[in-house]
Amino acid sequence: MNNGHAAEILSVGTELLLGDTTNTDARDISEMLTTIGINVYHHTVVGDNPERLKQAMEIAMQRADIIITTGGLGPTCDDLTKNVIAQALGREMVFVPEEAERLKGYFARRHREMTPNNLQQAYLPAGSIRLVNDWGSAPGCVIEEGGLTVIMLPGPPKECVNMMRHRALPYLAAKAGGVIVSHNYKIFGMGESEMENVLRDMMNAYTNPTIAPYAKACECLVRITAKADTQEEAEAMIAPVAQIVREKLGDVIYGVDLDGLDQCVLQLLQEKNLTLSAAESCTGGLIAKRLTDHPGASRNFLGGVVSYTNGVKEKILGVDPGLIETYGVISEPVAEAMCRGIRELTGSDLAVSVTGLAGPEGDGVHPVGTVCLGLATPEGILTTTLNIPGRDRENIRQYAAQHAFDMVRRYLTGLPVNIRTII
């Protein structure tokens with residue numbers, strides 16, 4: 001769906017150009033604009049230099065009707081965004097008493113002295129709409145100039161994301177008219193090119209709703225977006241399209257609008273009132289970390305052991321040293337023993353295990369990216385061996401964790417795990 005708007009994100013800060021700070025603001029704003037059907041055509045980064053910022057603004061005004069700036073709204077001498085943009089639009093800077101009072105309260109609540117330079121933040125371009133910052137000191141603002149909308153947001157990510165979500169996004173959505181609804185169908189087990197090939201005819205045929213595939217870290221998603229007069233109408237438009245997508249992609253779709261496979265697994269454990277534990281080697285606790293990122297995970301995730309050395313595998317998990325000697329530490333028999341050991345240790349209903357070679361050096365036996373997984377269930381133990389070539393160490397670890405979660409997901413939903421069973 002295209003509502004005709006062309007947006008540009010103009011990020012201000014020398015620290016972004018130097019690589020000292022990662023520009024997550026542009027990524028997060030782009031994702032949020034997509035949810036209301038606004039296309040982002042350009043990302044621009046410029047340092048704290050008024051002349052270069054002015055040039056970047058002039059270019060953006062020629063190719064976008066929505067410009068969102070981040071950074072340069074604070075109290076220091078290099079915070080020049082408001083002044084430069086006001087000058088570019090022929091507007092004076094005016095003092096806003098309400099903002100000055102808010103700033104005084106902000107510092108008082110934090111028992112901090114408000115130095116005089118902080119009042120610089122209380123000046124906004126004449127005729128702009130103030131966006132109150134409940135997450136920091138610098139306010140944002142909106143300027144409407146003919147058919148151009150300029151939104152200025154602070155740079156610190158926590159402030160920027162909240163200001164965009166709670167201030168700028170509702171403003172833009174109200175301007176767009178109607179309702180825009182998007183749902184993300186999360187996919188693991190199919191690559192982006194294969195997914196796009198399956199859905200290509202639908203992507204070309206549909207204009208409202210639209211279908212768009214995206215590659216994410218270690219997984220993919222398909223976003224279906226509809227615009228209508230009401231939420232109910234948009235959902236009704238999406239439903240039949242989503243059904244066709246589900247039929248085409250099958251069981252590689254693990255959920256809708258979820259954060260990740262870890263959240264999917266936790267929800268399934270909660271629904272079935274089951275518990276899980278994990279024995280990890282090459283993933284170094286990544287499975288446990290991702291599960292415990294979710295509040296309330298302790299009701300279903302009982303704990304884990306990072307058995308990075310053979311000694312810990314043997315002494316804590318009860319892995320027979322003879323197995324390691326006979327089959328090697330990177331083997332399905334060792335993965336089987338690890339998940340059996342952690343299940344017995346914690347008393348969990350299910351248990352997963354991971355042992356593998358994430359690199360960068362090989363061990364002379366297995367290629368980097370060889371990973372063995374285990375899943376202990378009341379019916380028996382499932383194991384499999386993965387080959388994850390051409391990836392760096394972190395990527396291999398992430399993929400190994402994803403596969404472990406997917407084993408649990410498939411078991412809990414009655415899907416074939418497609419690996420042998422050990423009783």
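**Questions on helices, cores and salt bridges**

Reader: Which residue just after H5 takes a positive phi of about 55°?

Author: In this predicted model, local features need pLDDT of at least 70, side-chain atom pairs count only at pLDDT 80 or more, and totals for chains, interfaces and linings use all residues. Residues are numbered from 1 along each chain as its sequence is written, and side-chain values use heavy atoms, with hydrogens and water left out. Helices (H or I, at least four residues) and strands (E, at least two) are DSSP runs, numbered from the N terminus, and H5 covers residues 97-109. Just after H5, the residue with the positive phi is His111.

Reader: How far does H5 reach from its first C-alpha to its last?

Author: H5 has 13 residues. The expected span is 1.5 Å times one less than the number of residues, which for H5 gives 18 Å. The model comes close to that figure, with a reach of 19 Å.

Reader: Which strands do the buried residues of H5 pack against?

Author: A residue is buried under 20% relative accessible area, exposed over 50%, and partly exposed in between (1.4 Å probe, protein chains only). In H5 the buried residues are Glu99, Ala100, Arg102, Leu103, Gly105, Tyr106 and Phe107. Contact means heavy atoms within 4.5 Å, and the buried residues of H5 pack against strands E4 (93-95) and E6 (129-131).

Reader: Is Phe95 buried, partly exposed or exposed?

Author: Phe95 is found in strand E4. Its relative accessible area is 39%, so Phe95 counts as partly exposed.

Reader: Which helix supplies the largest share of the largest nonpolar core?

Author: A nonpolar core is a set of buried Ala, Val, Leu, Ile, Met, Phe, Trp, Tyr and Cys residues joined through side-chain atoms within 4.5 Å. Of the 39 residues in the largest one, Leu276, Ile287, Val354, Val371 and Val408 touch the most other members. The elements that each supply at least two residues include helix H9 (261-272), strand E13 (276-280), strand E15 (350-356), strand E16 (370-377) and helix H14 (393-412). The largest share, nine residues, comes from H14.

Reader: How many residues are in the other core, to which Ile36 belongs?

Author: In soluble globular proteins, nonpolar side chains tend to be buried together. Within the largest core, Val354 is one of the residues that touch the most other members. Leaving aside neighbours within four places in sequence, Val354 is in contact with residues including Ala279, Ile287, Val371 and Ala404. Apart from this core lies another, with Ile36, Leu131, Leu153 and Met164 among its members, and its size is 22 residues.

Reader: Where is Pro360, the residue joined to Gly359 by a cis peptide bond?

Author: The peptide bond from Gly359 to Pro360 is cis, with omega near 10°. Pro360 lies in the loop between E15 and E16.

Reader: Is Cys218 buried or exposed?

Author: Cys218 is in the loop between strand E10 (210-216) and strand E11 (219-228). Its phi is near 65°, a positive value in a residue other than glycine. With a relative accessibility of 9%, Cys218 counts as buried.

Reader: What relative accessible area does Asn273 have?

Author: Asn273 lies in the loop between H9 and E13 and has a positive phi of about 55° although it is not a glycine. Asn273 counts as exposed because its relative accessible area is 65%.

Reader: How many residues apart are Asp134 and Arg167?

Author: A salt bridge is a side-chain nitrogen of Lys or Arg within 4 Å of a carboxyl oxygen of Asp or Glu, and the count comes to 18 salt bridges. In one of these, the side chains of Asp134 and Arg167 meet at 2.6 Å, N to O. Asp134 sits in the loop between E6 and strand E7 (140-145), and Arg167 in helix H6 (residues 157-176); the pair links distant parts of the chain, 33 residues apart.

Reader: Which residue forms a salt bridge with Glu336?

Author: Glu336 lies in helix H13 (residues 332-346), and its partner is four residues away in that helix, about one turn. Glu336 counts as buried because its relative accessibility is 14%. The partner, with the closest N and O atoms 2.9 Å apart, is Arg340.
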